[in-house]
Amino acid sequence: HTAAAVGQKPLSKPMKPRLAVHKFSSCDGCQLSLLNLGEDLPRVAALVDIVHFAEAGPSDEDAKVDIALVEGSMSTPDELERIQHVRANCEILVAIGACAVSGGLQALRNGVDAETWKTAIYARPEYIDTLPTASPAAQHVKVDHEIWGCPVNSRQVLGALRDLLSGVMPAPDREKVCTTCKRQGVPCVSVTDGSPCLGPVTNDGCGALCPRIGRGCFGCYGPAATINAPALAEHMAQSGLDERQIAQRFAQINSQAPGFVEIAVAMRDRADG
Ligand code: SF4
């Protein structure tokens with residue numbers, strides 16, 4: 001967890017704050033999840049001036065704002081420059097979604113030489129202007145708060161905005177998926193049918209969406225605060241997964257997140273002998 005999310009200066013302006021939503025390398029899913037707020041979206045719009053949210057309409061990328069929401073990873077040279085402008089133009093920067101907080105799905109390529117995959121995938125690799133790795137916003141600028149998820153839970157974004165508008169810096173939500181399963185009476189998929197499940201090491205945010213339909217957690221909401229990933233890897237091995245399969249479980253949506261990346265690398269190294 002790279003941002004210093006707690007103990008910083010909360011938003012202090014008395015008038016209607018200005019909000020911008022910036023897109024970097026991403027699928028737009030987190031912006032869509034904001035649009036999916038439905039009838040709460042006009043309520044948000046009544047509380048803040050949304051001056052830049054291209055997916056929804058308003059477009060003023062260089063506007064100075066109180067709160068900037070950043071979706072997406074830093075994957076191109078242009079994005080490294082742009083994130084500096086976004087930081088300079090806002091009072092509080094909130095990274096939203098796996099791409100922005102850990103590099104997300106784009107970071108799956110981080111372990112492979114960029115020239116190798118560009119040549120293998122694209123007919124004209126010379127047109128691909130990319131950085132060697134996809135990285136989170138906090139690797140380049142100060143991030144005041146991070147909201148995990150792929151996509152983010154729009155209720156968590158709303159809660160964070162409400163905190164900021166009340167003059168309080170939001171606290172990170174670090175409850176584990178397992179806890180939600182227990183609360184909801186969802187049978188443990190790991191215990192009942194041996195499904196590999198990242199619930200014991202993952203933040204909740206989805207309401208245990210996958211276990212509720214009998215499927216193991218994919219770790220969308222990132223590593224929880226206190227985890228024992230090696231013990232979970234050992235449990236997966238006892239359930240019949242080999243080292244490479246275990247590495248794949250940890251190296252998915254948040255493959256570069258501290259807490260997940262180390263165990264994925266260790267399992268891959270062990271598989272390679
Ligand atoms: Fe899309 Fe997931 Fe990235 Fe959000 S975190 S932009 S849903 S890939």
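Thr 202 touches quite a crowd: leaving aside its neighbours within four places in sequence, Thr 202 is in contact (heavy atoms within 4.5 Å) with Glu 175, Lys 176, Val 177, Cys 217, Gly 219, Cys 220, Tyr 221, Gly 222, Ala 224 and Phe 260. This comes from a predicted model, in which local features need pLDDT of at least 70 and side-chain atom pairs count only at pLDDT 80 or more, while totals for chains, interfaces and linings use all residues. Residues are numbered from 1 along each chain as its sequence is written, and side-chain values use heavy atoms, with hydrogens and water left out.

Thr 202 sits in the loop between helix H8 (189-193) and helix H9 (209-212). Helices here are DSSP runs of H or I with at least four residues, strands are runs of E with at least two, and both are numbered from the N terminus. At 1% relative accessibility, Thr 202 counts as buried; buried means under 20% relative accessible area, exposed means over 50%, and partly exposed is in between (1.4 Å probe, protein chains only). Its side chain also reaches the backbone oxygen of Leu 198, at 2.7 Å. That is a polar contact, meaning a pair of N or O atoms within 3.5 Å; within protein, one must be able to donate a hydrogen and the other to accept it, and residues adjacent in sequence count only if both atoms are side-chain atoms.

Next comes helix H11 (residues 243-250), where Ile 246, Ala 247, Arg 249 and Phe 250 are buried. Looking down the axis of H11, these buried residues fall within an arc of 155°, so they line one face of the helix; the arc is that of the directions from the helix axis to the C-beta atoms. The cover over them includes helix H10 (229-238) and helix H12 (261-272). At the N-terminal end of H11, Asp 242 acts as a cap, with a side-chain oxygen 3.1 Å from the backbone nitrogen of Arg 244.

What about charged pairs? A salt bridge is a side-chain nitrogen of Lys or Arg within 4 Å of a carboxyl oxygen of Asp or Glu, and by this rule the count comes to 11. One of them joins Arg 43 and Asp 40 (2.5 Å, N to O). Both residues lie in helix H2 (residues 40-47), three residues apart, about one turn of the helix. An α-helix has 3.6 residues a turn, so residues three or four places apart point the same way. Asp 40 counts as buried, at 13% relative accessibility, and a network of salt bridges links Asp 40, Arg 43 and Arg 155.

Helix H5 holds a similar case in Lys 118 and Glu 115, three residues apart, whose closest N and O atoms are 3.2 Å apart in a salt bridge. Lys 118 is buried at 8% relative accessibility, whereas Glu 115 is partly exposed at 46%.

Asp 144 and Arg 87 form a salt bridge too, with their closest N and O atoms 3.1 Å apart. This pair links distant parts of the chain, 57 residues apart: Asp 144 is in the loop between helix H5 (114-121) and strand S5 (145-147), and Arg 87 is in helix H3 (residues 77-88). Asp 144 is buried, at 2% relative accessibility, and Arg 87 is buried as well, with a relative accessible area of 14%.
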